[in-house]
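Reader: Could you walk me through this one slowly? I am new to reading structures and would like to go piece by piece.

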Number of protein chains: 2
Amino acid sequence: MLDLKSLLSNYDPKAGTLLGAVPVERTLRDLQGCFADRAAYETALAQSNPLLYTVAAVEPARGEGDLHYGIGKIMPGKIGDEYYMTKGHLHSWRPAAEFYFGLTGDGVMLLEDEASGESKIVPLQPNGVVYVPGHTAHRTMNVGATPLTYLGVYPANAGHDYSTIAKTNFRCVVIERDGKPVMMERKKL
Amino acid sequence: MLDLKSLLSNYDPKAGTLLGAVPVERTLRDLQGCFADRAAYETALAQSNPLLYTVAAVEPARGEGDLHYGIGKIMPGKIGDEYYMTKGHLHSWRPAAEFYFGLTGDGVMLLEDEASGESKIVPLQPNGVVYVPGHTAHRTMNVGATPLTYLGVYPANAGHDYSTIAKTNFRCVVIERDGKPVMMERKKL
């Protein structure tokens, strides 16, 4: 049956919201362990617990061949030299890929191949699209001065595995150097 | 291996094009058999063979869990009371769904459940999203006065089956009545 209510959705690219949906909010406290500069993290958290990002998803169906999409909004800001970022995740079903469509602001995605650890940073900008292949951990960060918003489209059965990243974190960090995002190995910091 | 060239793409929402890609073009002649008013079709074709729409696709990989996306642009215009439209298709792998993201202009999608023939029309507009479930034939049309552009995201293994629609056409047609799109059964025209 073609149930129109489940088939239609609307998003606000500037606000980074889905009409009629309550987003999940992630604050600085939720990002415990994500930032490399622990002293800067603790100092910032002692002062306040700002909102770092929100996500909301459209999930019309959950069968094989179905798709979901989400909208994300990351606030501008830094902890030490690291940009406000998402926790990052792998897909529980590892082969599942994801397309990210930049809407507003200036972002960077950190991609890490799970098997080899190979890491790359790529821009996420309005009208730009990033393909995250399967088996690839991905984290999004706001490297600009205004909110970053984007859409992500993925197979309905992808699933979100946050725990693998939470255990080991990404192999690389992205920090600001001379006003630009630069990727470095975490162990060489 | 994270091959950045295959992972990054850019589109122009207004032009309805992918940067660096040559689009497929469909002209009035290519839409033979699609429009209900055959006399109007033949009359129009005798005068000229205008471009009706273009499509271009990004196909980073073709495995299970991979995704593709395309950008479409439909010109404004009508043949008789029917709007310029795409041929329409089912996915060869029937369970494959598709998300359509409206970019510019004013569109309508005709959805038809393959098994039951149940048909619905839904708007496709900027910041609006249409979910096309699996097993659902879908055709897009421009019901406005300016070009309609949109993105479609689908599983890499969806495949495009145009032949089923070409044999029987959609059960319903969408025609302009009092300046608005209205769906009617083809046999009741």
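Reader: Which residues of helix α2 in chain B are buried?

Author: This is a predicted model, so what follows describes a prediction. In helix α2 of chain B, which runs over residues 38-47, the buried residues are B:Y41, B:A44 and B:L45. They cover an arc of only 95° around the axis, which puts them on the same side of α2(B).

Reader: And what is exposed on the other side of α2(B)?

Author: On that other side of α2(B), the exposed residues are B:A39, B:A46 and B:Q47.

Reader: What do the buried residues of α2(B) pack against?

Author: The buried residues of α2(B) pack against β6 of chain B, which consists of residues 78-79.

Reader: Okay, new topic: where is B:T86, and is it buried or exposed?

Author: B:T86 sits in the loop of chain B that lies between β7 (82-83) and β8 (90-91). Its relative accessible area is 10%, and because buried means under 20%, B:T86 counts as buried.

Reader: What is B:T86 in contact with, if I skip its neighbours within four places in sequence?

Author: With those neighbours left aside, B:T86 is in contact with B:L31, B:Y53, B:I74, B:R139, B:T140 and B:Y150.

Reader: What about B:L19, buried or exposed?

Author: B:L19 counts as exposed, because its relative accessibility is 59% and the cut-off for exposed is over 50%. B:L19 is also a loop residue, placed between β2 (17-18) and β3 (24-27) of chain B.

Reader: Which residues does B:L19 touch, and how far is it from B:W93?

Author: Not counting residues up to four places away in sequence, B:L19 touches B:N10, B:Y11 and B:D12. As for B:W93, it is 74 residues from B:L19 in sequence, and the two are 29 Å apart in space, C-alpha to C-alpha.

Reader: I also wanted to ask about backbone angles. What is the phi of A:N169?

Author: Most residues other than glycine have a negative phi. A:N169, however, has a positive phi of about 60° although it is not a glycine. A:N169 lies in the loop between α3 (163-168) and β16 (172-177) of chain A, and at 11% relative accessibility it counts as buried.

Reader: What is phi for B:D178, then, and where is that residue found?

Author: The phi of B:D178 is near 55°, which is again a positive value in a residue other than glycine. B:D178 is found in the loop of chain B between β16 (172-177) and β17 (180-185). With a relative accessibility of 82%, B:D178 counts as exposed, whereas A:N169 counts as buried.

Reader: Now let's zoom out. How many helices and strands does chain A have?

Author: Chain A has 3 helices and 17 strands. Its radius of gyration is 16 Å, close to the 16 Å that the globule rule gives for 189 residues, so chain A is as compact as a globular protein of that length. The C-alpha trace of chain A spans about 55 × 35 × 30 Å along its principal axes.

Reader: How much of chain A is buried, and how much surface is accessible?

Author: Buried residues make up 50% of the 189 residues in chain A. Its accessible surface comes to about 8,300 Å², and 52% of that belongs to carbon and sulfur atoms.

Reader: Last one: how many positive and negative side chains are there in chain A?

Author: Chain A has 19 positive and 21 negative side chains, and the centres of these two sets lie 4 Å apart.

Definitions and conventions
Residues are numbered from 1 along each chain as its sequence is written. Chains are lettered from A and ligands numbered from 1 in the order in which they are written. This is a predicted model: local features need pLDDT of at least 70, side-chain atom pairs count only at pLDDT 80 or more; totals for chains, interfaces and linings use all residues. Side-chain values use heavy atoms; hydrogens and water are left out. Buried means under 20% relative accessible area, exposed over 50%, partly exposed in between (1.4 Å probe, protein chains only). Helices (H or I, at least four residues) and strands (E, at least two) are DSSP runs, numbered from the N terminus. The arc is that of the directions from the helix axis to the C-beta atoms. Contact means heavy atoms within 4.5 Å. The radius of gyration is taken over C-alpha atoms; the globule rule is 2.2 Å times the number of residues to the power 0.38. Accessible areas come from the Shrake-Rupley method with a 1.4 Å probe; for residues, only the protein chains shown count as cover. Lys and Arg count as positive and Asp and Glu as negative; His and the chain ends are not counted. The place of a charge is taken as NZ of Lys, CZ of Arg, CG of Asp or CD of Glu.
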